[in-house]
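Here are my notes for someone opening this one for the first time. Keep the viewer beside you and go through the points in order.

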Amino acid sequence: MSKPKKTFNLALLKRVYRVAAPYKNKFYLSLFLAVLLAVMAPIRPWLIQMTIHYGIENHAAGWLLKGPGAFLIEITVIQIVLLLIDGAARFWFAFTSARLGQYVVRDLRVSTYRKILNLNVRQYDTTPIGTLTTRTINDIESVNDIFSDGLIPIIADLLAILSILGYMFAVDWKLTLVCLAPFPLLIVATYFFKESVNKSFIRVRNAVASLNAFVQEHITGMQVVQAFAAEHQEQQKFEKINREHKRANIRAIFAYSVFFPLVELVSAASIGLLVWWAGKESVFAGAGNEVAGVITAFILCLNLLFRPLRVMADKFNVLQMGMIASERVFKVLDNTDVTPDSGTVTTPIQGAIEFRNVSFAYNEGAPVLKNVSFSIPAGKTLAIVGATGSGKTTITSLINRLYPVTSGDILVDGIPVNHYEVSYLRSRIGVVLQEVYLFSGTIRDNLTLRNPDISEAAMEQATKLVDLHPFIMNLPGGYQFNVRERGAVLSLGQRQLLSFARAVLYNPSVLILDEATSSVDGESEALIQQAIEKLIAGRTSIVIAHRLSTIRKADRILVMERGEVAEWGSHEELMEKQGAYFRLYQTQFSQTDEV
């Protein structure tokens, strides 16, 4: 079953132009220039007709100058002045329209990226990164075409066509109808060309989005691809997507290759009919003294008609593709899956945390947490243990509102977390994850996240606390050393230490360590453990760990099983119960008793 044909969305076009509202002066200037160019379009053919009829055939006298050829000199000067005005108007029209588009692109791109920054994390669990990249870069760039090659240029071309046709009908309506006889063929060809290219462009856009997503994902995971010798399979997948991109482009090229020669044929047929009819009329009606000027003027008019008609269908496709791109961009902007920042509380956080019957599911019908309840007094340390998938990391993600809870309440210092201002709440919670992500840039940039308020002294104090400062100072450039994308030039342990220093630097009220020492060697872990002991003193800490040395020092241990609280208590209390924690200890921790 074929999909219903998508009609032009006028409401969407209005929304695009509402984005351009702050630049309405540029928009009105473009429209004024479009009208001016339309009015000027038939003047040149008319002047040529005047030149031939009055200046050459009848040797008319000049308006200002005297003597032979005065009329020709005057009308030539007028045409030169007109050409200069026309060239200047066309320059300003093209420049103003394109500049308007660039202003809109800039504002849209800023708004889209701001929206992406505020989307809930679960959006990135389901949306390929390459797709969001395409929306932010390629699709928004296509919105510019609505202004530079879309609606305003189409309006200008239509006005010019109407102006030229008006002149032609005023001079000789019968001859005009004869010249327009082949136009139905051009209209039919234009329709099929527009539809064919439009479908091809949609396929090209989809293929580009697929290519971006595929390349982004596989370059990021290249280590896995190479480690499992999957290069051949992934290359085949890429070639399949690339073939689709090629086929879509070739279909568009084929349509162009057929359409433009056809336009030339119709143009030649119109000129042929013009000459035939004008010649016939001059013989039988005795109008020979006017034929040369009319034929020349009409040939110029037909060229001026066919020039916009050649690109009109293409411009409609550009407009349509810009509309499709803008619709995709607006879908991102209209995404309501954001963390509402309606909270106003910014009082100092002591760090007391309480979960009251909290349930959560990433996907509806598949709960990850089920009625979880526990509390941590301010300044105490909680260790969370459990099998993979039991909900340990999910608990920490809910505290700083990376995900909204399905039901229940999370309180910090007795205040529901949604009452806090989001940015303030997150700034008071330091997080060190097992999987470290470093941005392309300097060590300083990765430590401070480009926060200008953080001093060099504070940065060095944080790195010294985790014994990272000597290593950094031995690097070329020290804190200005470029770690490259994802910190590729650093070892896994060094990246982990850097992320630890980053969390420390913000002096958080609550410290979350999610398997923070699992990726480092024994020597690095010993350094981190020393730093942890200093950090957790007087600070609420939540530790997800599989090493007994970390867990034993916790004030309370939360044992999770399949999204529910299985046990709760200190290490000694839970060992005495010989329940879930005892069994976990026997299977996981007994081998690390000396760690």
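**Notes on the model**

1. Let's start at a strand pair: E561 stands opposite E564, which belongs to strand 10. Keep in mind while looking that this is a predicted model. Strand 9 and strand 10 (residues 564–569) are antiparallel partners, joined over five bridges. Two residues sit between the strands of this hairpin, and R562 there takes a positive phi near 50°.

2. Strand 9 also has a partner on another side of the story: strand 3. Strand 3 (residues 381–386) and strand 9 (residues 556–561) run parallel, with five bridges joining them. If you want a spot to click on, L382 has R556 of strand 9 as its bridge partner. As a general reminder, side chains in a regular strand alternate between the two faces of the sheet.

3. Now zoom out. The protein has 21 helices and 10 strands. Of its 595 residues, 47% are buried. Among contacts with a separation of 6 or more, 78% link residues 24 or more positions apart. The accessible surface comes to about 30500 Å², and carbon and sulfur atoms account for 59% of that.

4. Which residues touch the most other members of the largest nonpolar core? They are L100, L108, I146, F147, M168 and L305, in a core of 62 residues. Several helices give two or more residues to this core, including helix 4 (70–118), helix 6 (129–171), helix 8 (183–220) and helix 10 (231–285). Helix 11 supplies the largest share, 16 residues. In soluble globular proteins, nonpolar side chains tend to be buried together.

5. L108 is a good place to look inside that core. Setting aside neighbours within four places in sequence, L108 is in contact with V19, I140, V143, V329, F330 and L333. Another core lies apart from the largest one; it has 39 residues, and V432, L447, L475 and A501 are among them.

6. Helix 1 is worth turning so that you look down its axis. Its buried residues are L12, L13, V16 and Y17. These fall within an arc of 140°, so they line one face of the helix. What is exposed on the other side of helix 1? There you will find A11, K14 and R18.

7. Don't skip R444, in helix 14 (residues 443–448). Is R444 buried or exposed? It counts as buried, because its relative accessibility is 18% and the cut-off for buried is under 20%. Not counting residues up to four places away in sequence, R444 touches L449, I454, E456, M459, Y479 and Q480.

8. Last, the cysteines. How many disulfides does a search of the whole structure find? The search comes back with zero. For C179, the closest cysteine sulfur is that of C301, and at 9.3 Å it is too far for a bond; the cut-off for a disulfide is 2.5 Å. Seen from C301, the nearest cysteine sulfur is that of C179, and C301 is in no disulfide. C179 is buried, with a relative accessible area of 0%, and C301 also counts as buried, at 0% relative accessibility.

Note on methods
Residues are numbered from 1 along each chain as its sequence is written. This is a predicted model: local features need pLDDT of at least 70, side-chain atom pairs count only at pLDDT 80 or more; totals for chains, interfaces and linings use all residues. Side-chain values use heavy atoms; hydrogens and water are left out. Buried means under 20% relative accessible area, exposed over 50%, partly exposed in between (1.4 Å probe, protein chains only). Helices (H or I, at least four residues) and strands (E, at least two) are DSSP runs, numbered from the N terminus. Contact means heavy atoms within 4.5 Å. Accessible areas come from the Shrake-Rupley method with a 1.4 Å probe; for residues, only the protein chains shown count as cover. A nonpolar core is a set of buried Ala, Val, Leu, Ile, Met, Phe, Trp, Tyr and Cys residues joined through side-chain atoms within 4.5 Å. The arc is that of the directions from the helix axis to the C-beta atoms. Two strands pair if DSSP finds at least two bridges between them.
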